[in-house]
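Work through the exercises below with the model open. Try each task before reading its solution.

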Amino acid sequence: MTTTVSAASTARLLPGKPVAEAVLAELAPRIARLSEAGHRPGLATVLVGDDSASAGYIRMKQDKAAELGMTSPHTHLPADATQADLEAVIAKYNAAEDVHGILVQHPTPPQIDFDAAMGTMDPDKDVDGLHPLNMGRLALGMPGPIPCTPAGIEALLAYYDIPIAGREVCILGRGTTLGRPLALLLSQKRPTANAAVTVVHTGVDDWPRYTRRAEVVIAAAGVPGILQPEHISAGTTVVGGGVRYEGRKLLPDVDERCAEVAGAITPRVGGVGPTTIAMLFRNTVEAAERRAGVSRPVA
Ligand SMILES: NC(=O)c1ccc[n+]([C@@H]2O[C@H](COP(=O)([O-])OP(=O)(O)OC[C@H]3O[C@@H](n4cnc5c(N)ncnc54)[C@H](OP(=O)(O)O)[C@@H]3O)[C@@H](O)[C@H]2O)c1
């Protein structure tokens, strides 16, 4: 499929929605099998405070869980909840046999130390995959929840038949939620990974030297417009992972004029985001399968 995004652009668009739908469709029979065996997957959600955007994200995830036949117990703590209140809820879900994944919606109010709270979560239920133990598992290639956005990016490239094995993938950013786990994931020895990964950051003054020679460039900096057309070569695949919000306005890392040079590119809106959410559910189902003793299908 070739979609034109502007008069000057011929880049193939890589929307995340069909990828997410394919991931969720593949989960459906696995959820049914688990449920029939008495292990219906459960994704618990926790919201602290009354931020309306966060409440909306939680509702959307609960609706999707219900649609998939999963349970989704929810706890809403008041905006003045203490660290102990949040950790007590996490402890409750850690102990709950019918909960396989726990999601604490970020951001939390300022009195909450989010990372410290995450540290109290059972790593096997950490569906964001960002617990230190899960980052260690990722580095060692051990089974466990995989950080959702990196997993979504791998799935997106695979879905659109963009091979990365043996090719140079340059990641702009080494942050702990995106760039660093993505580098670990895409350099693993698997058919949909196996890439020659280069990671650039503020310590690399001439980082465009690396992005220009890469076949796939993934922006993961959270700096609006950091990736410009002159930073890529004709035909490059560009994936926009980094975004910053100003109020409700989304400001992506990838300047939209990159579509005039790229061979394929994620859209400004609806690229990596939907795949991230699908991976949350995949992590929950895989956690339930591991707990039920069902072997994990080979990717
Ligand atoms: N789409 C999604 O669903 C999703 C999910 C997760 C994260 N994200 C987004 O992904 C982005 C990265 O997240 P993160 O937590 O990994 O970020 P982070 O910890 O803030 O890391 C940002 C990285 O970008 C690098 N960087 C910043 N400015 C740069 C510059 N001018 N030149 C070169 N490198 C630069 C930084 O380099 P140094 O290390 O040298 O400082 C750092 O490695 C954020 O925008 C976040 O919102 C999106």
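Two exercises follow, on a surface patch and on the ligand site.

This is a predicted model: local features need pLDDT of at least 70, side-chain atom pairs count only at pLDDT 80 or more, and totals for chains, interfaces and linings use all residues. Residues are numbered from 1 along each chain as its sequence is written, and side-chain values use heavy atoms, without hydrogens and water.

**Exercise 1. Find the residues that make the nonpolar surface patch.**

Step 1. Select Tyr 57, Met 60, Val 243 and Tyr 245, which make a nonpolar patch of about 360 Å².

Step 2. Map the patch to elements. Helix 2 (52-68) and strand 9 (243-246) each give two or more residues to the nonpolar patch.

Step 3. Classify Tyr 245, which lies in strand 9. Tyr 245 counts as partly exposed because its relative accessibility is 45%, and that class runs between buried (under 20%) and exposed (over 50%), with a 1.4 Å probe and protein chains only.

**Exercise 2. Describe the surroundings of the ligand.**

Step 1. List the residues that come nearest. Of the 21 around the ligand, these are Thr 149, Arg 174, Thr 177, Thr 202 and Val 243; a residue is near if one of its heavy atoms lies within 4 Å.

Step 2. Sort the shell by class: 9 residues are nonpolar, 11 polar and 1 charged.

Step 3. Check the atom pairs. A ligand oxygen is 3.2 Å from a polar backbone atom of Leu 178. A ligand nitrogen is 3.5 Å from a polar side-chain atom of Trp 207. Gly 222 has a polar backbone atom 3.5 Å from a ligand oxygen.

Step 4. Judge the cover. On its own, the ligand has 930 Å² of accessible area, and the protein covers 66% of this.

Key
Patch = residues over 30% accessible without salt bridge, like charges linked within 9 Å, V, L, I, M, F, W, Y side chains within 5 Å. Areas by Shrake-Rupley, 256 points an atom, 1.4 Å probe, with all protein chains shown as cover. Salt bridge = Lys/Arg side-chain N within 4 Å of Asp/Glu carboxyl O. Helix = DSSP H or I, 4+ residues; strand = E, 2+ residues; numbered from the N terminus. Polar contact = N/O pair within 3.5 Å; in protein donor to acceptor, adjacent residues only side chain to side chain. Nonpolar A, V, L, I, M, F, W, Y, C, P; charged D, E, K, R; others polar.
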